Amino acid sequence: AYEDVLRAVTFRHSGEMPSHQQADMSIEFTVCHAAFCTTSAMCVKVSAVNDFPVVSGLASELAYTQGAVPVHLAAGVVLSDAESDNLVHATVGITPILGGDVLEVTGEFASIQSSYSAATGTLTLQGTASLLQHELAVRSITFANQGSSTPGTSARSIAVAVKDAKGGSSASNPTVTVRFCAAAGGFEDTSVAIARACPAGQSQPLACQTSCVKCSAGSFGEGQ
């Protein structure tokens, strides 16, 4: 009976291992009969699993007008990692990338270098720095479309991903959708409805439309 009980004993480790290294643990079994006891030990090798960093706090949608002041894409972003206080890499990418689209880091951040590829629409942050420093750098990133006469009115999706020193990337890449206006006072993609403050019973389903229109099915009135 005791043999069956001992064979049924299991082991698991639910805590964090800050060193991220394989650890050896000794487990002892002691069996006693009257005043006599026998002890036997075994070694258990525990391999750490890297917990990926997490990106949260992004707004789901922003509005931008061509030629206007650049908009911050991730002003409320929060970066976290259960096992590390540092990150080494972050990318922010535009989909689709259209003429004149630019992502830019506004400011300087210790140990972090930034570069932007207009061909791929990807801004890269590189360098080992604290979670806070990477978080502030991502929060400073702006989007603008400058110098293009045909920027297109398609919404842009902006994805943010981060990586820790062990190579673990954020498990999901949340996106910010930028609703686009061709020019101040112009019109946005009619498939998109964004409510603006209007008198009761009216709405402005096009983000850049200059006056309110009568409500229609599925539109929004004041306060909705």
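## The β5-β11-β8 sheet

In this predicted model, three strands line up as an open sheet in the order β5-β11-β8, and the pairing is antiparallel. β5 and β8 are the edge strands, each pairing on one side only. As background, strands of a sheet pair through backbone hydrogen bonds, in either a parallel or an antiparallel way.

How many bridges tie each neighbour to β11? For β5, which covers residues 71–72, the count is two, with the strands running antiparallel. For β8, spanning residues 101–105, there are five bridges to β11, again antiparallel. If you want landmarks to click on, V71 has F143 as its bridge partner in β11, while on the β8 side E104 stands opposite T142 of β11.

## A closer look at β11

Is β11 buried or exposed? Five of the five residues in this strand, residues 141–145, are buried, so β11 is largely enclosed by the rest of the structure. The cut-off behind that word is a relative accessible area under 20%.

Side-chain direction splits the strand into two sets. I141, F143 and N145 point one way, T142 and A144 point the other way, and all are buried. So F143, the partner of V71, and T142, the residue opposite E104, belong to sets that point opposite ways from β11, because F143 goes with I141 and N145 while T142 goes with A144, and both are among the strand's buried residues.

## Out on the surface: the L6, V9 and V31 patch

Now for some nonpolar surface. L6, V9 and V31 together make a nonpolar patch of about 240 Å². V9 sits in the loop that links α1 (2–7) to β1 (23–33).

How exposed is V9? Its relative accessible area is 49%, so V9 counts as partly exposed. The label follows because exposed, as used here, requires over 50%.

## The whole protein

Zooming out, the protein has two helices and 15 strands. It contains 224 residues, and buried ones make up 33% of them.

The contact picture can be put in one figure: taking contacts between residues at least 6 apart in sequence, 58% join residues at least 24 apart. As for the outside, the protein exposes about 12800 Å², with carbon and sulfur atoms supplying 55% of that area.

Methods. Residues numbered from 1 in each chain as written. Predicted model: local features only at pLDDT ≥ 70, side-chain atom pairs only at ≥ 80, totals over all residues. Heavy atoms only, no water. Patch = residues over 30% accessible without salt bridge, like charges linked within 9 Å, V, L, I, M, F, W, Y side chains within 5 Å. Areas by Shrake-Rupley, 256 points an atom, 1.4 Å probe, with all protein chains shown as cover. Salt bridge = Lys/Arg side-chain N within 4 Å of Asp/Glu carboxyl O. Helix = DSSP H or I, 4+ residues; strand = E, 2+ residues; numbered from the N terminus. Buried < 20%, exposed > 50% of the residue type's maximum accessible area, 1.4 Å probe, protein only. Pairing = 2+ DSSP bridges. Contact = heavy atoms within 4.5 Å.
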